[in-house]
Amino acid sequence: MSAPTPPRAALLRDHNFKWLLRGGVISMLGDQLTLIALPWLVFRLTGDTVALGLVIALMSIPRAVFMLIGGALVDRHSPQRVLMLSKYANAALLAMLTVLVLDHQPQHTLALGGALSLTVVMTPHLTLIAIYALAFCIGLAQAFGVPSGTSIMPRAIAPELLQAANGMLMGLRQLSMLVGPLLAAGLLAIGGHGGAAGAVGMVGAAPAAGGMVGGPMLADARGLALAFGLDCLSFLLSAWTLSKVRLPPTPAAASGQQAAPVLRAVGEGLAMVWRDVALRTCFIYWGAVSLFIGGTMQVALPVLAAALHGASTLGLLMGAHGAGTLLGMGAAAVGGARLQRIGVGFGTLIVLIDGAVGLLVMPLGAVGAAWQAALLMLAIGVLAGFMQINVFTWIQRRVPPHMMGRAMSIFMFIFMGLAPLSAGATGWLLTVIPLSQLFVGGGMILVLCAALAYAFTPMRRIAANAQ
């Protein structure tokens with residue numbers, strides 16, 4: 001009798017998984033390009049932290065608000081079809097953004113002969129309106145792409161291969177968070193100098209006599225357009241790989257039964273979370289953390305990178321965080337059970353790690369070199385990766401399988417819906433306080449939230465295993 005095939009070897013021979021893996025790698029790398037390029041575009045265009053926070057909020061809020069509706073549509077229709085449409089929509093939006101960046105020329109001075117010249121100025125506000133609209137539409141497309149992307153794997157491969165498949169894709173996602181930002185920084189460096197000089201007040205750059213002048217934004221535009229264009233191509237390629245996947249009919253279509261109303265299904269999920277004291281406590285705590293400081297790093301890191309020599313530094317910081325996250329996930333796989341044996345509960349682990357992250361965030365605004373900020377981001381990533389594995393494992397063990405989709409939708413809604421509010425507030429705060437004070441204040445708030453949760457909520461009594 002032959003020995004059973006190891007799950008990893010069986011996965012690599014599975015037709016559907018091979019195509020999902022290829023498309024996933026392409027899509028994840030493309031996502032990282034826009035994650036770096038879009039905030040850098042806004043900051044290089046305006047030098048305005050309020051605009052930076054607003055564009056992040058406009059991309060994140062519709063994604064969160066419509067995500068539960070997107071999940072309901074995935075249940076009613078094929079996740080493959082919904083995901084395919086979302087990829088085409090994202091590709092079209094990024095193509096438009098690429099053209100917009102290439103056409104952007106903040107100021108021209110034209111020689112008319114003799115001492116006469118004519119200066120033609122395109123205000124950044126007109127460009128920002130288009131960027132705001134595109135950011136909103138990208139977030140709306142992601143509202144349907146996220147639930148369909150997380151739903152397709154269980155229907156594409158055998159149940160016994162799911163654990164190995166999820167582990168492989170999660171590891172690749174973290175690798176993309178390491179490689180993608182470095183790739184984005186390289187593209188920006190190739191297409192322009194990517195420096196911090198001129199990040200503020202670029203439109204007012206002095207023209208050369210008798211010539212045509214564009215500010216530093218024009219030099220960066222080539223690299224930014226290249227990043228957006230490659231992300232557009234990644235959506236088209238991943239849509240092609242997705243077309244190779246063969247899925248069975250949806251359960252509702254196969255049985256001929258009508259799906260439950262969307263709002264009633266969402267209400268059942270909310271009621272389930274509320275009745276479970278441990279789930280309710282954790283979700284409220286994560287919501288508070290996300291609301292107060294969840295979007296701070298999204299806005300503050302590009303500003304910090306601009307002070308530490310530009311886009312290449314932003315890629316370095318994001319890459320360091322991605323590397324740390326990957327290391328933290330490995331540590332969770334090796335040492336998670338050991339923590340249970342020595343009596344460290346799940347709730348206690350949450351507040352201890354959040355308190356440590358808060359202490360690491362505080363000095364970020366005071367660093368004088370990129371390598372110092374990268375080391376702090378590496379350490380923060382290790383703690384975040386360790387906690388990410390533990391959180392997902394805990395939720396999967398605690399929530400009944402038939403409620404898992406709704407529970408995870410609520411979990412993602414907490415971070416994708418509340419963090420943008422924090423991002424918008426952070427952009428405004430940076431107009432009235434220095435960057436160093438913002439990092440110190442954010443770290444102190446996280447430490448305070450962890451301490452209050454431990455002292456005054458059931459958090460410290462929450463165990464790692466389902467009750």
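Hi everyone, let's start inside helix α14, where F346, G347, T348, L349, I350, V351, I353, D354, G355, V357, G358 and V361 are buried. Keep in mind as we go that this is a predicted model. Twelve of the helix's 16 residues are buried, so α14 is largely enclosed by the rest of the structure. The helix covers residues 346–361, and from first C-alpha to last it reaches 23 Å, close to the 22 Å expected at 1.5 Å a residue.

Now over to helix α3, residues 49–65. This one has 17 residues and spans 24 Å between its first and last C-alpha, close to the expected 24 Å. Helix α3 is mostly covered too, with twelve of its 17 residues buried. Among them are T49, S60 and R63, along with L52, V55, I56 and M59.

On to the nonpolar cores. Which residues touch the most other members of the largest one? Those are F283, W286 and L304, in a core of 94 residues. Helix α15, residues 370–398, supplies the largest share of this core, at ten residues.

Let's stay with F283 for a moment. Leaving aside residues up to four places away in sequence, F283 touches V273, I395, A407, I410, F411 and I414. If you have the structure open, F283 is a nice place to centre your view, as one of the residues with the most contacts to other core members.

Finally, there is a second core, separate from that one. It has 20 residues, including A10, L20, L161 and M168. That's my tour, thanks for listening!

Notes: Residues are numbered from 1 along each chain as its sequence is written. This is a predicted model: local features need pLDDT of at least 70, side-chain atom pairs count only at pLDDT 80 or more; totals for chains, interfaces and linings use all residues. Side-chain values use heavy atoms; hydrogens and water are left out. Helices (H or I, at least four residues) and strands (E, at least two) are DSSP runs, numbered from the N terminus. The expected span of a helix is 1.5 Å times one less than its number of residues. Buried means under 20% relative accessible area, exposed over 50%, partly exposed in between (1.4 Å probe, protein chains only). A nonpolar core is a set of buried Ala, Val, Leu, Ile, Met, Phe, Trp, Tyr and Cys residues joined through side-chain atoms within 4.5 Å. Contact means heavy atoms within 4.5 Å.
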